[in-house]
Amino acid sequence: MNPDKRGMFGEFGGKYVPETLMTALKELEECYYKYKIDRKFKEELNHYLKEYAGRPTPLYFAERLSKELGHRIYLKREDLLHTGAHKINNAIGQILLAVRMGKKRVIAETGAGQHGVAVAAVCAMFGVQCDIYMGEEDIYRQNLNVFRMELLGANVIKVKSGSRTLKDAMNEAIRDWVTNVRNTHYILGSVGGPHPYPMIVRDFQRVIGKEAKKQILKMEKRLPDYMVACVGGGSNSIGLFYEFLKYPRVKFIGVEAGGLGLKTGKHAARFKGGSVGVLHGAKTYILQTEDGQIRLTHSISAGLDYAGVGPEHSYFYEEGRIKYDNVTDGEAVNAFVKLSETEGLIPALESSHAIAYVIKNRKKLGKNKLIVINLSGRGDKDVQVVSEYLKKNKKKRK
Amino acid sequence: MNRIDKKFQELKAARRKAFILYLTAGDPDFKRSVNIISHMENKGVDILELGVPFSDPLADGPTIQKASSRSLKQNALMKSVFNMVEILRKRKNFKLPIVLFTYYNPVMNFGLKKFILRCSQLGVDGILILDLPPEEAGEYKNLAAKKDIKTVFLVSPTSPAGRIKKIAEASTGFIYCVSRTGVTGARKKLNTETPKLVKQIKRYSTLPVAVGFGISTPRQIREVAAYADAAVVGSAAVKKIEENLRKRNLEEKVVRFVSKLAAGLKNK
């Protein structure tokens, strides 16, 4: 569905932002509507998606994993894209818009660094000045990506406020945008934030599902029973699911970060552990205290470590169209190892959550089901963190 | 009559401009915060903007961010902000109009209806919600109007004429003109375009126009008073608290600083 005039998906979304940004959001919205139907824009977008990012990505039948779990499991290989994750789809789309709006500078927030790297890459390609906000904690967790961004000519700005993770990087990016809005475009990386971002980012990610549909129909001659993807802000999941939502028999599961477990309070499970509020410009499910302060989140995966979820997900949650569940850090790490061992694929810790869900619920899902999992990114960036985690938890695991 | 309207009427009669002061509630702690505020009316402050601390103040610069976290560390929740207003209003002769300056999430969490009701019961005169533009404010405006609580909206240098009109129509009490794009915080020089913006706002509204963001000296206050109805100082005063956190006479220092700022208008 498309959001209404106010940018609402049902009761979620909207533009809860300081006045200074209202005009820029309107400008972006108008620009997007104009070029969305522009033949030349679409041609250019497809050109870069194909020649620069490496689309279409394969839908890979994971034979050994399938055998082990008793299902037919396909992986949508977004991990094969240039810069290593689905984030590049949106970065290309938005840089094309930024150039058309005549913006000389681009800013972005990043958690895991995948979005930051994607934005840095497209900015390098178009010769646009680029500043990336990243929390100090994430800079430590995802150091490889920091170096990649810098190599691509971006300036990485360390954010030391709050929990020093994605939420705080987003605060700083918005503060920068409020200040430099006239010459700067903010490439938001997920389907969160104020309207029109949730719609624009979703549309640029829909290519994942469009390809997956053709591929699964060709290979299996039928639609999948289940589609599974991790949900941080929610861009890879909505990108994969969107083309299939109109088919009632396909079931969808969005997997959030259960962190150390919901009982510990250290997680990022917005649906099971949160409530409706307003964060970063959108009304949606968030993690908050009794007093309406934003709660600190925890996940081993920097890309899922965020207190809010994209507003359209809140809509689908309440509609019941998408089910949301969560898995813990430990379960995600086990899936990280399992996929590496069975398929020779090292998944991003974010994507490992989706895989972990299927491993954990293999019996609950039934028998011999056709399952498509979004392998939204590759795990090179995470090997350090996982290696440390495994060392630390060696005893517990045995 | 609402204290804000009354204040601007009095000022108009006296041909004076208003000095609006922002302070974060509960900064540096509940007791000292109440104490500082209780002195303000005598020191020339015309309206108080009382900041509700929020964990993610995305329109605020570092000074007010730090004040917010100081307050939150003291557990300055919405309840204690209201408690503070209640204590102040119980004092004799405390007539200072109070505008709550907040982000939307704490308000929504408290319950919009309950929030407005508490404001009206305890003597809050106006509300300014930084991340609630008129488009999202329908219910809020209606509820507030019923209780004669003023809803202050912001105009920014990026607001085109059509929006200025919309904002002017949504506002009651006064209109807050943001002097420049950006977050709150002191600046050496004021934006030379602001007088034009104020003039433009006046085309759509007879409400008083307050100019804020970046004002920190008596001289800048005078500069603003030459073309607007009110000048707002926030971060500069909050910074005084930050600078004197370890001093025993913190309250005195802040009060003295504020009275110097206010004097900038009185001399005129």
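Here are some numbered notes on a predicted model, covering its cavities, its aromatic pairs and some of its strands.

1. Start with the empty space inside. The structure holds eight cavities of 30 Å³ or more. In the largest cavity there is about 380 Å³ of space. It is lined by 32 residues, and the ones closest to its centre are A:His86, A:Lys87, A:Ser190, A:Gly233 and A:Gly303. If you want to find this cavity on screen, those five residues of chain A are a handy place to begin.

2. Which elements give two or more residues to the lining of the largest cavity? They are strand E5 (105–110), helix H5 (114–126), helix H8 (166–180), helix H11 (235–241) and helix H15 (349–360), in chain A. As for the character of this lining, its residues divide into 18 polar, 10 nonpolar and four charged.

3. Now for the second largest cavity, with a volume of about 130 Å³. Its lining has 16 residues, and B:Tyr176, B:Thr184, B:Phe213, B:Gly234 and B:Ser235 lie nearest its centre. Two elements of chain B, strand E9 (230–233) and helix H11 (235–243), give two or more residues to this lining. The split here is 10 nonpolar, five polar and one charged.

4. On to the rings. Over all chains, the structure holds 25 aromatic pairs. One of them joins A:Tyr32 and A:Phe204: the ring centres are 5.9 Å apart and the planes stand at 80°, so this pair is edge-to-face. The pair links distant parts of the chain, with A:Tyr32 in helix H1 (residues 19–36) of chain A and A:Phe204 in helix H9 (residues 197–205) of chain A, 172 residues apart. A:Tyr32 counts as buried, at 3% relative accessibility. A:Phe204 is buried too, with a relative accessible area of 6%.

5. Is the pair of A:Phe271 and A:Tyr317 stacked or edge-to-face? Their ring centres are 4.3 Å apart and the planes are at 25°, so the pair is stacked. A:Phe271 belongs to helix H12 (residues 270–273) of chain A and A:Tyr317 to helix H13 (residues 311–319) of chain A, so the contact ties together parts that are 46 residues apart in sequence. A:Phe271 is buried at a relative accessible area of 4%, whereas A:Tyr317 is partly exposed at 30%. Both residues also belong to a cluster linked by ring pairs, along with A:Phe12, A:Tyr285 and A:Tyr324.

6. Rings also show up next to charges. The charged end of A:Arg100 sits over the ring of A:Tyr35, 5.1 Å from its centre. The charged end of A:Arg77 does likewise over the ring of A:Tyr60, at 5.9 Å from the ring centre. Keep A:Arg77 in mind for the next point: its bridge partner in strand E14 of chain A is A:Leu375.

7. Strand E14 (residues 370–375) of chain A is mostly covered, with six of its six residues buried. A:Leu370, A:Val372 and A:Asn374 point one way, A:Ile371, A:Ile373 and A:Leu375 the other way, and all are buried. That alternation is no surprise, because side chains in a regular strand alternate between the two faces of the sheet. Strand E4 (residues 72–77) of chain A runs parallel to E14(A), joined by six bridges. Strand E9 (residues 226–230) of chain A runs parallel to E14(A) as well, with three bridges.

8. E9(A) is mostly covered too: five of its five residues are buried. A:Tyr226, A:Val228 and A:Cys230 point one way from this strand, and A:Met227 and A:Ala229 the other way. The bridge partner of A:Tyr226 in E14(A) is A:Ile371, and A:Tyr226 also stands opposite A:Lys251 in E10(A). E9(A) pairs with strand E10 (residues 251–259) of chain A in the parallel sense, over five bridges.

9. Finally, the sheet in chain B. This is an open sheet of nine strands with parallel pairing, in the order E5-E4-E3-E2-E1-E9-E8-E7-E6. Its edge strands, each pairing on one side only, are strand E5 (150–152) and strand E6 (154–155) of chain B. Strand E1 (residues 18–24) and strand E2 (residues 47–51) of chain B run parallel, joined by five bridges. Across that pairing, B:Tyr22 stands opposite B:Glu49 in E2(B).

Methods
Residues are numbered from 1 along each chain as its sequence is written. Chains are lettered from A and ligands numbered from 1 in the order in which they are written. This is a predicted model: local features need pLDDT of at least 70, side-chain atom pairs count only at pLDDT 80 or more; totals for chains, interfaces and linings use all residues. Side-chain values use heavy atoms; hydrogens and water are left out. On a 1 Å grid over the protein atoms alone, a cavity is a set of points where a 1.4 Å probe fits but cannot get out, and a pocket is an open set with protein on both sides within 12 Å along at least five of seven lines; lining residues have an atom within 4 Å of a point. Grid points are joined across faces, edges and corners, and a volume is the space filled by probe spheres set on the points. Helices (H or I, at least four residues) and strands (E, at least two) are DSSP runs, numbered from the N terminus. Ala, Val, Leu, Ile, Met, Phe, Trp, Tyr, Cys and Pro count as nonpolar, Asp, Glu, Lys and Arg as charged, and the others, Gly among them, as polar. Rings of Phe, Tyr and Trp (its six-membered ring) pair if their centres lie within 6.5 Å; planes under 30 degrees apart count as stacked, over 60 as edge-to-face and the rest as tilted. Buried means under 20% relative accessible area, exposed over 50%, partly exposed in between (1.4 Å probe, protein chains only). A charge sits over a ring if NZ of Lys or CZ of Arg is within 6 Å of the ring centre and within 35 degrees of the ring normal. Two strands pair if DSSP finds at least two bridges between them.
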